[in-house]
Amino acid sequence: MHRMITTLMVFLMIPAGMVWAREGDETSGVTTKKAEEVSDKTLKDEIVGVKPQLGALVFKDSLGGDTSRFAGGFTVDMNLMSWIDRDMRDWFVGPSSGLIYSHLGAPDSNFFGTNSSAQSGGGSNFFIVPINLKAGYTFGRDFRASIHGGGNLLYRSVANSLSLGDSSVGTGSDTTLFPNVGADFEFSLGRNVALMIRPDLTITPGDEFFTGTLALSMLLT
């Protein structure tokens, strides 16, 4: 009888011990933590972000009128803070560049630079290459506000298609670097994906022009 009671007690204690071991198992806890980290990539984890975007360019045309054109392209951002020290990943400081294109067409063209009645200037194209430094802060997990600035390298296939007040007033091409300033507002949509609103102002000797784009950010971590 004594042996049966002892055996029964051991039998009852084994499941309790197994449950306790599973709950307190250190290896299990590490595995769970790693799984959460892998599936929980947010704006804080961004080191390099590729951001295709669409929007509009607002400017003064060669006739002096305010107009707008469709613009599209991409920017690439790199967070040096997250790369150097992961403990400082709430902060974003690093270079920002890319390429944004717009077909300007003639002054009387539509939003997409087409349907012009003019005999010249219909093939005018415009490229922006940002050469910027970006600095910002991530609030919580899902929102980051940043400013960017430096210069925009502008290429105009027809120099006088934009009234920028510089010496390029002819019909030939021109490439000029102008200072710029802007902001980036980013909202996390899920793992490795965010939505970004990017207003940008280019400052010229003549009329400034504005670029506003909406981007889908793909975070490469």
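Start at the hairpin: select strand 4 (125-139) and strand 5 (143-156), which have three residues between them. Helices (H or I, at least four residues) and strands (E, at least two) are DSSP runs, numbered from the N terminus. Click G140 in the turn and check its phi, which is positive at about 65 degrees. This is a predicted model, where local features need pLDDT of at least 70 and side-chain atom pairs count only at pLDDT 80 or more, while totals for chains, interfaces and linings use all residues. Residues are numbered from 1 along each chain as its sequence is written, and side-chain values use heavy atoms, with hydrogens and water left out.

Now show the backbone pairing. Strands 4 and 5 run antiparallel, joined by 14 bridges; two strands pair if DSSP finds at least two bridges between them. One pair to pick out is I128 with its bridge partner L154 in strand 5. On to strand 3 (residues 91-103), also antiparallel to strand 4, with eleven bridges joining the two. Here F92 stands opposite G136 of strand 4.

Stay in strand 4 and select K134. Is K134 buried or exposed? K134 has a relative accessible area of 0%, so it counts as buried (buried is under 20%, exposed over 50%, partly exposed in between, with a 1.4 Å probe and protein chains only). Leaving out residues up to four places away in sequence, K134 touches a list of residues including K51, D77, F92, D184 and E186 (contact means heavy atoms within 4.5 Å). Draw a distance from the K134 side chain to the D77 side chain: a polar contact at 2.8 Å. That term covers a pair of N or O atoms within 3.5 Å; within protein, one must be able to donate a hydrogen and the other to accept it, and residues adjacent in sequence count only if both atoms are side-chain atoms.

Next, bring up the charged side chains. Which residues join K134 in a network of salt bridges? Select E46, K51, D77, R144, D184 and E186 along with K134. A salt bridge is a side-chain nitrogen of Lys or Arg within 4 Å of a carboxyl oxygen of Asp or Glu. Inside the network, K51 bridges to E46, with the closest N and O atoms 3.3 Å apart. K51 is buried at 0% relative accessibility, and E46 is buried at 0% too.

The structure holds 13 salt bridges, so hop to another: R86 with D45, closest N and O atoms 3.2 Å apart. This pair links distant parts of the chain, 41 residues apart: R86 is in the loop between helix 3 (80-84) and strand 3, and D45 is in the loop between helix 2 (26-38) and strand 1. R86 is partly exposed at 37%, whereas D45 is buried at 5%.Then zoom to D174 and R156, a salt bridge with closest N and O atoms 2.8 Å apart. D174 lies in strand 6 and R156 in strand 5, so the pair ties together parts 18 residues apart in sequence.

Last stop: the largest nonpolar core, twelve residues in all, among them F59, L104, F126, L162 and F209. Such a core is a set of buried Ala, Val, Leu, Ile, Met, Phe, Trp, Tyr and Cys residues joined through side-chain atoms within 4.5 Å. Center on L162, which, leaving aside neighbours within four places in sequence, is in contact with F59, K60, L104, F126, R156 and F209.
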